[in-house]
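Student: I would like a close look at one part of this model. Please take the helix packing before anything else.

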Amino acid sequence: MSASVIAHHGERRRPLLVRVLLQPAIAAGLSLVDWDLLLRQARRSNLAGKLAAQMETGGWLATLPEQVQPHLRSALLLSRRQAQMLRREVDLLRQTLAELPGPLILLKGAAYALGGHAPAPGRLFSDIDLLIPPAQLPRCETTLLVHGWDFDDDLDAYDQRYYRDWMHELPPLHHKRRGTSLDVHHTLLPPTARTPLDSGALFDAPRSLADSAGLPGVFVLPPEDMLLHSAAHLFHEGELPNGLRDLFDLDALLREFGAIDGFWTRLSARARRIGLSRPLWLALRYTRMLLDTPYPDTLPAELGPPPGALALRLLDACYRRALRPAHDSCRLPGHDLAEAALYVRSHWLRMPVGLLALHLTRKAWSRMTASPEAPQVDAPRDA
């Protein structure tokens, strides 16, 4: 049976992109038809850089069909260029915010890259996420605005209030000259979330990047908290557009940190201490189910009782669909319904019922009354 037939034969069980990222060696036997599909799935899932990094690390890149190599080399160049720009931008942020008394803690992609963690090779990201103590938020905001940062123009007064009163971060910022995007967090979950979170504990023992990255005053979370934030980001906040990429992040972190002595015991205790046992439980379930991630079989039971049988069946049905490559070849029946259900679930976890009803009504009214965009008219062509 040809590689192309094999790839499509197993599509219902596991998408081609997932199979190759889990077993990169099989890429050497793919046909051009398979590669065309694989690259499309990787781009739509924001995983082209990861795929390219795996091909290079494994020594396969130079042996792949010449039609394929430019696409992967381009993804590598883009990811490396982003990493260079990130290092420079974080250094500028460090200097801008140097007088804040508390630590500047990098989150997500920036933390993986500058902390040298397993998800970093080839990973692409669109903004920098920063965590600071809540008491420093006003001073941080003022300092950023003075130094060329500004809020997105498309945020109205309601959106500003939504972020400031109900969310765990400032409205998104961008630098007027450099074009960089920045999210400033003061905790990991909205204050209105149904999950009680010990936010103060996040600042217990951040790890300095002074020696490893030459960035004094800049920190990342310790391994347990870094993994817990990744789990909360995907399974509490419902960030589904990059869901498969974020699932691979979790897989990489679990494999990396699992090799540290005593990590699993500390992870379980930390999840219960901070209040993120349920997102971690879900992260363990779906990384094992979809990516064969190794961890102690007893670990989920240490996190408390699982969801009820009916709730678990619904969650499985939704996440089996939503955590697939964002390409038409990977869609299963009911995909749109699953994404809609997870979107509602994320808001349900984020807000109490009254506030949720108010928010969704306000956003629906805003969409209904928004002025339609003017149609774009092509300029006349020269003869």
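Student: At what angle do helix H6 and helix H9 pack, and how far apart are their axes?

Tutor: Keep in mind that this model is predicted. Helix H6 covers residues 108-115, and helix H9 covers residues 223-235. The two pack at an angle of about 150 degrees. Their axes lie 11 Å apart. Angles over 145 degrees count as roughly antiparallel, so H6 is roughly antiparallel to H9. The crossing of H6 and H9 is left-handed.

Now the residues that meet. H6 brings Lys108, Ala111 and Tyr112 to the contact. H9 answers with Met226, His229, Ser230 and His233. By class, the contact of H6 with H9 divides into three nonpolar, three polar and one charged residue. Lys108 is the charged one. Ala111 and Tyr112 from H6 count as nonpolar, as does Met226 from H9. His229, Ser230 and His233 in H9 count as polar.

Next, the empty space. A search of the whole structure finds four cavities of 30 Å³ or more. The largest has a volume of about 60 Å³. Its lining includes Asn46, Leu47 and Lys50. Pro119, Pro121, Arg123 and Leu124 also line the largest cavity. Arg245, Phe248, Asp249 and Ala252 are in the lining too. Helix H10, residues 243-257, gives the largest share of that lining, with four residues. Overall, the lining of the largest cavity divides into six nonpolar, one polar and four charged residues. Asn46 is the polar one.

How values were computed
Residues numbered from 1 in each chain as written. Predicted model: local features only at pLDDT ≥ 70, side-chain atom pairs only at ≥ 80, totals over all residues. Heavy atoms only, no water. 1 Å grid on protein atoms, 1.4 Å probe; cavity = no way out; pocket = protein on both sides within 12 Å on 5 of 7 lines; lining within 4 Å. Points joined across faces, edges and corners; volume = space filled by probe spheres on them. Axes fitted to C-alpha atoms, helices over the stretch in contact; angles between N-to-C directions. Parallel < 35°, antiparallel > 145°, perpendicular 65-115°, else oblique. Left-handed = near helix turned anticlockwise from the far one by under 90°. Contact = heavy atoms within 4.5 Å.
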